[in-house]
Amino acid sequence: MILRFFRRNDGGETIQRLYGAIVAHSRQPVFYTDYAVPDTIEGRFEMILAHAFLLFHRLKVESEERRGLGQGVFDAFCTDMDANLREMGVGDLTVPKKMKKVAEAFYGRIGAYEGPLEAGDLDALSAAVLRNVYGSKPAFAHEARAFAHYMIGAAAALQAVPFASLAAGDFPLAPPAAIGSTETDPS
């Protein structure tokens with residue numbers, strides 16, 4: 001028991017705290033009520049991907065060494081997805097194929113969200129969110145636009161967060177505003 005005080009901190013606790021914060025932000029009920037994100041495995045997965053993307057977007061301005069924190073969070077994400085697939089009964093032979101699809105989805109979202117977010121292009125980001133989160137259903141265009149607006153605001157807020165906060169395991173994002181407020185619906 002006393003030996004735990006002499007162990008080197010390998011960063012695992014920080015990474016778990018960051019990943020836990022991503023999951024916690026992703027589970028906020030407002031996403032599934034006001035933003036009409038499907039409260040399904042796929043919908044929750046999309047929320048985790050979106051919030052992980054926000055962290056990685058923030059870390060990309062850091063040095064290569066500091067960006068290693070993002071790799072640790074990505075590894076924690078993969079470990080969690082693997083465990084969830086197994087818990088849902090996916091067989092050992094099928095898990096690697098499913099994990100390949102998870103990784104493809106993750107990198108696909110980064111590719112879809114990065115350019116529009118960098119450009120501040122609300123229309124293009126809304127289209128990407130509509131396609132990925134809402135399955136391209138035009139009935140959810142308003143919610144997709146509000147979620148894209150949330151992402152732009154969250155990314156801007158995270159730029160002001162010092163790296164030391166992230167390195168301590170903090171991922172401070174304000175809860176999303178309800179749709180219809182002036183904060184989420186610019187149009």
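Ala 36 sits in the loop that links helix 2 (29-32) to helix 3 (41-59). Its phi is positive, at about 55°, although Ala 36 is not a glycine. The model is predicted. A second loop holds another residue with positive phi, Ser 136. Helix 4 and helix 5 supply the other topic, a helix packing.

**Loop residues with positive phi**

- Ala 36 belongs to the loop between helix 2 and helix 3.
- Ser 136 belongs to the loop between helix 6 (122-133) and helix 7 (141-159).
- Ser 136 has a phi of about 60°, and Ser 136 is not a glycine either.
- Ser 136 has 41% relative accessibility, so it counts as partly exposed. The partly exposed class runs between 20% and 50%.

**How helix 4 packs on helix 5**

- Two packed helices are described by the angle between their axes and by the distance between those axes.
- Helix 4 covers residues 64-87, and helix 5 covers residues 95-119.
- Their packing angle is about 140°, and their axes lie 10 Å apart.
- Helix 4 is therefore oblique to helix 5. Roughly antiparallel would need an angle over 145 degrees.
- The crossing of helix 4 past helix 5 is right-handed.

**Residues in the contact**

- Helix 4 contributes Phe 74, Phe 77, Cys 78, Met 81, Asp 82, Leu 85 and Arg 86.
- Helix 5 meets them with Val 95, Lys 98, Met 99, Val 102, Phe 106 and Tyr 107.
- In this contact of helix 4 with helix 5, 10 residues are nonpolar, three are charged and none is polar.

Technical notes: Residues numbered from 1 in each chain as written. Predicted model: local features only at pLDDT ≥ 70, side-chain atom pairs only at ≥ 80, totals over all residues. Heavy atoms only, no water. Axes fitted to C-alpha atoms, helices over the stretch in contact; angles between N-to-C directions. Helix = DSSP H or I, 4+ residues; strand = E, 2+ residues; numbered from the N terminus. Parallel < 35°, antiparallel > 145°, perpendicular 65-115°, else oblique. Left-handed = near helix turned anticlockwise from the far one by under 90°. Contact = heavy atoms within 4.5 Å. Nonpolar A, V, L, I, M, F, W, Y, C, P; charged D, E, K, R; others polar. Buried < 20%, exposed > 50% of the residue type's maximum accessible area, 1.4 Å probe, protein only.
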